[in-house]
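Visitor: I am new to this structure. Could you pick one part and take me through it closely, with enough of the surroundings to place it?

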Amino acid sequence: MNLTYKLATAGALALAGIIANQVVDKGWKLATGHPSPQGEDEDQAKFAELMVFAVVSGVLVSITRRYALKGTKKFFGPQLEG
């Protein structure tokens with residue numbers, strides 16, 4: 001595989017993860033009125049709240065990851081075939 005493609009894919013995945021994390025944090029604060037249960041807050045969060053947060057963030061990360069990979073493949077498609 002092309003080294004440029006691998007680097008672009010890694011960068012796109014990292015950026016997608018950062019964006020997904022920010023969206024989940026802001027959305028959680030908007031929906032619940034308090035910060036997301038990450039880091040130090042995990043000890044004080046309820047189990048059900050942690051589970052909902054994990055599911056929501058996991059789904060969002062998976063979706064952004066999929067489209068990041070799809071975008072890099074589309075961008076590098078002609079170069080990968082030849």
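Guide: Two residues are in contact when heavy atoms of theirs lie within 4.5 Å. By that rule, among contacts in the protein chain between residues at least 6 apart in sequence, 62% join residues at least 24 apart. The model is a predicted one. Its protein chain holds two helices and zero strands. Of the 82 residues, 18% count as buried. The chain exposes about 6100 Å², and carbon and sulfur atoms supply 64% of that area.

The part to look at closely is helix α1, which runs over residues 3-32. Its 30 residues reach 43 Å from the first C-alpha to the last, close to the 44 Å expected at 1.5 Å a residue. Just at the start of α1 there is a link to the residue N2: a side-chain oxygen of N2 comes to within 2.9 Å of the backbone nitrogen of T4. Just after the helix, G33 takes a positive phi of about 85°.

Next, which residues of α1 are buried? They are Y5, T9, A16, A20, V24 and W28. K26 also sits in α1, but K26 counts as exposed because its relative accessibility is 59%, and the cut-off for exposed is over 50%. K26 can also be placed against a residue further along the chain: S36 is 10 residues away in sequence, and the two C-alpha atoms are 8.3 Å apart in space.

The other helix, α2, covers residues 47-81. One of its residues is T72, which shows how α2 meets the part in question. Leaving out residues up to four places away in sequence, T72 touches Y5, A8, T9 and A12. Of these, Y5 and T9 are among the buried residues of α1. T72 itself counts as buried because its relative accessibility is 9%, and buried means under 20%. The side chain of T72 also reaches the backbone oxygen of L69, at 3.0 Å.

Y5 offers a second comparison with α2. G77 is found in that helix, and G77 is 72 residues from Y5 in sequence, while their C-alpha atoms are 9.6 Å apart in space. With a relative accessible area of 16%, G77 is buried, because that value falls under the 20% cut-off.

Finally, a feature of the surface. V55, V59, I63 and Y67 form a nonpolar patch there, and together they have about 380 Å² of accessible area. V59 belongs to helix α2. Is V59 buried, partly exposed or exposed? V59 counts as partly exposed because its relative accessibility is 45%, and that class lies between the 20% limit for buried and the 50% limit for exposed.

To return to the part you asked about: α1 has N2 and T4 linked at its start, the buried residues Y5, T9, A16, A20, V24 and W28 within it, and G33 with a positive phi just after it.

Conventions: Residues numbered from 1 in each chain as written. Predicted model: local features only at pLDDT ≥ 70, side-chain atom pairs only at ≥ 80, totals over all residues. Heavy atoms only, no water. Patch = residues over 30% accessible without salt bridge, like charges linked within 9 Å, V, L, I, M, F, W, Y side chains within 5 Å. Areas by Shrake-Rupley, 256 points an atom, 1.4 Å probe, with all protein chains shown as cover. Salt bridge = Lys/Arg side-chain N within 4 Å of Asp/Glu carboxyl O. Helix = DSSP H or I, 4+ residues; strand = E, 2+ residues; numbered from the N terminus. Buried < 20%, exposed > 50% of the residue type's maximum accessible area, 1.4 Å probe, protein only. Expected span 1.5 Å × (residues − 1). Polar contact = N/O pair within 3.5 Å; in protein donor to acceptor, adjacent residues only side chain to side chain.
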